[in-house]
Amino acid sequence: MKNRLVPVLALIFLLLFAAGLAAETSEYFFKTVPITRVYSHRDGYRIVYRRSNMELAVLYVPDDWFQFTPGAGQRGKGELVMADDPSYPYMSIFWKEGEFSHIRLYLNSNKQHISWGDLDNPENYSDKFEIDTLANLQF
């Protein structure tokens, strides 16, 4: 019995290993992060999110990242998903070949939800949205 079991197990292991090598891998890497608070601004969204060490960090996402370019047939660097879902708000950040690709925000559609806040002195934040990519993210 033992003599038959070893070759069978070795064959199963070899097949699983070969299937793993043959599996298609994505060129994208992503990280999903919970959002604590989101502030709407005329130039974009100010996102307060929770890092893995439970500290808070801030991220600014320009509004023009969520625009669709009809002639080019492509979307911007952001996707916005609004719904009344108990798992919201959170965000997923995508990298392609090590470079920032795009961000997807999952926000509560009810602006009265506790996750939405109002900015004091919104004019103080306008320059924060003048970015081309997400750099120096803290997780």
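User: What share of the 139 residues of the protein chain counts as buried?
Analyst: Of those 139 residues, 29% are buried, where buried means under 20% relative accessible area, exposed means over 50%, and partly exposed lies in between, all with a 1.4 Å probe and protein chains only. This is a predicted model, in which local features need pLDDT of at least 70 and side-chain atom pairs count only at pLDDT 80 or more, while totals for chains, interfaces and linings use all residues. Residues are numbered from 1 along each chain as its sequence is written, and side-chain values use heavy atoms, with hydrogens and water left out.

User: OK, and how many helices and strands does the protein chain have?
Analyst: The protein chain has one helix and nine strands, and read from the N terminus the order is α-β-β-β-β-β-β-β-β-β, so the helix precedes the strands. These elements are DSSP runs numbered from the N terminus, helices being H or I with at least four residues and strands E with at least two.

User: Switching topic, how many salt bridges turn up in the whole structure?
Analyst: The search finds four, a salt bridge being a side-chain nitrogen of Lys or Arg within 4 Å of a carboxyl oxygen of Asp or Glu.

User: Which residue does lysine 96 pair with?
Analyst: Lysine 96 meets glutamate 27, at 3.6 Å from N to O. The two lie 69 residues apart in the chain, with lysine 96 in strand β7 (residues 90-96) and glutamate 27 in the loop between α1 (2-22) and β1 (28-41).

User: Are those two buried or exposed?
Analyst: Neither word fits, because lysine 96 has 32% relative accessibility and counts as partly exposed, and glutamate 27, at 43%, is partly exposed as well.

User: Where does glutamate 79 sit, and where is its partner arginine 104?
Analyst: The side chains of glutamate 79 and arginine 104 meet in a salt bridge at 3.1 Å, N to O. That pair also links distant parts of the chain, since glutamate 79 belongs to strand β6 (residues 78-83) and arginine 104 to strand β8 (residues 99-108), 25 residues apart. Glutamate 79 is partly exposed, with 28% relative accessibility.

User: And what does aspartate 43 bind to?
Analyst: Aspartate 43 forms a salt bridge with arginine 42, and the closest N and O atoms are 3.9 Å apart. Arginine 42 is exposed, with a relative accessible area of 67%, whereas aspartate 43 is partly exposed at 24%.
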